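Q: Please take a close look at the site around the ligand. What surrounds it, and what kind of space does it occupy?

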Amino acid sequence: MRTRPRVSTEVADTLAAGGAVVALESTLLAHGLPAGRNRVVADRVEAVVRAAGAVPATVAVLDGRLMVGLTPAQLDRVCDPDSNLVKLGRRDLGPAIALGTDGATTVAGTAAAADLAGIGVFGTGGLGGVHRGARDSWDVSADLRVLADTPVLVVCSGVKSVLDIGATLEVLETSSVPVLGYRTDRFPAFYLRESEHEVQWRVDDPAQAAAVVTAHRTQVPGRAGILLANPIPAEHELDRDLHDRLLATGLRRLADERVRGKDVTPVLLDHFHTGSAGASLDANEHLVLSNVALAAEVAVELAR
Ligand code: PSU
Ligand code: MN
């Protein structure tokens with residue numbers, strides 16, 4: 001029998017009443033943002049979800065328990081660097097639960113937990129994807145595999161330009177994951193509003209997004225998720241020249257320091273945050289807030 005995740009009372013009650021819930025990941029807090037700032041962002045993210053009329057459900061593994069919906073004290077633990085949380089994809093959930101490990105869930109781990117808990121909408125920053133040079137390294141984020149068979153709507157700002165965006169979109173197509181642009185015809189590149197890649201499907205309001213989710217879930221076979229790509233708000237977009245410079249030096253640093261596996265994303269994020277004197281940090285925070293707000297609006301539409 002499948003063990004249920006530990007769903008907080010508030011989240012469980014809301015789901016039972018057919019209300020709107022938005023799943024949130026903890027890796028972006030524990031491994032994507034610096035200590036201190038991460039705790040501030042955790043509160044802001046939950047506040048934005050509530051302001052839009054939904055209940056936030058942050059996911060993490062604490063003392064070997066898969067938690068959906070965290071208390072402020074549990075968020076403190078997630079954001080405290082002394083907690084030494086492990087980064088957990090879906091494949092890591094079993095070991096972490098059995099061995100009593102504390103861990104932060106990625107998009108893959110969070111989407112899996114959301115699905116188990118009966119939550120269909122998830123807001124985050126960026127999705128993992130196909131890394132540049134994946135032909136040799138085989139580094140393709142498990143986020144893509146999990147989206148292929150987990151019926152959760154993921155609202156994000158595309159993928160970072162440190163990835164191979166074209167290859168990432170190809171894998172999403174192969175996986176039969178619909179990709180929707182939110183008020184855009186271009187796939188966003190995290191810090192930048194646009195990549196050179198187009199998206200085929202565009203929605204212009206939360207109701208349209210919800211209608212696509214409903215049609216996909218009720219009239220299309222398979223268990224694929226959906227990606228709703230929401231560009232970073234224009235006023236928070238990173239300067240393109242600064243972005244291009246940091247991207248070049250960041251890629252060089254990865255090669256020089258032989259960074260591999262699950263360390264790649266955190267090292268690159270830190271490179272951007274340090275090299276942009278915090279500008280990328282502001283960008284990161286604002287795109288997450290914008291995505292979770294949109295996720296909450298779609299969740300409210302779906303709960304109607
Ligand atoms: N992209 C970001 N910030 C992040 C991540 C991705 O801009 O914090 C995190 C997410 O949790 C995502 C994970 O699921 O990195 C992907 O890691 P990997 O590439 O190791 O699969
Ligand atoms: Mn990887």
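A: By class, the shell around ligand 1 holds six polar, five charged and four nonpolar residues. The model is predicted. In total, 15 residues surround ligand 1. Glu 25, Val 107, Ser 141, Asp 143 and Lys 160 are the closest. Two helices, α2 (27-30) and α12 (264-275), each give the shell at least two residues.

Next, the polar contacts. Glu 25 places a polar side-chain atom 2.6 Å from an oxygen atom of ligand 1. Lys 160 also uses its side chain: an N or O atom there is 2.7 Å from a ligand 1 oxygen. Val 107 takes part through its backbone, with a polar atom 2.8 Å from an oxygen atom of ligand 1. Ligand 1 exposes 470 Å² when taken alone, and the protein buries 92% of that area.

Now the space itself. Ligand 1 occupies the largest pocket. That pocket contains about 1,300 Å³ of space. Its lining has 50 residues, and His 131, Asp 139, Gly 261, Lys 262 and Thr 265 are the closest to the pocket centre. By class, the lining comprises 21 nonpolar, 16 polar and 13 charged residues.

Several helices build this lining. At least two residues each come from α2, α6 (107-117), α8 (142-148), α11 (240-256), α12 and α13 (279-303). The largest share belongs to α12, with five residues. Helix α12 also supplies at least two residues of the shell around ligand 1.

Definitions and conventions: Residues numbered from 1 in each chain as written. Chains lettered and ligands numbered in written order. Predicted model: local features only at pLDDT ≥ 70, side-chain atom pairs only at ≥ 80, totals over all residues. Heavy atoms only, no water. Near = heavy atom within 4 Å. Polar contact = N/O pair within 3.5 Å; in protein donor to acceptor, adjacent residues only side chain to side chain. Areas by Shrake-Rupley, 256 points an atom, 1.4 Å probe, with all protein chains shown as cover. 1 Å grid on protein atoms, 1.4 Å probe; cavity = no way out; pocket = protein on both sides within 12 Å on 5 of 7 lines; lining within 4 Å. Sits in = over half its atoms within 2 Å of the grid points. Helix = DSSP H or I, 4+ residues; strand = E, 2+ residues; numbered from the N terminus. Nonpolar A, V, L, I, M, F, W, Y, C, P; charged D, E, K, R; others polar. Points joined across faces, edges and corners; volume = space filled by probe spheres on them.
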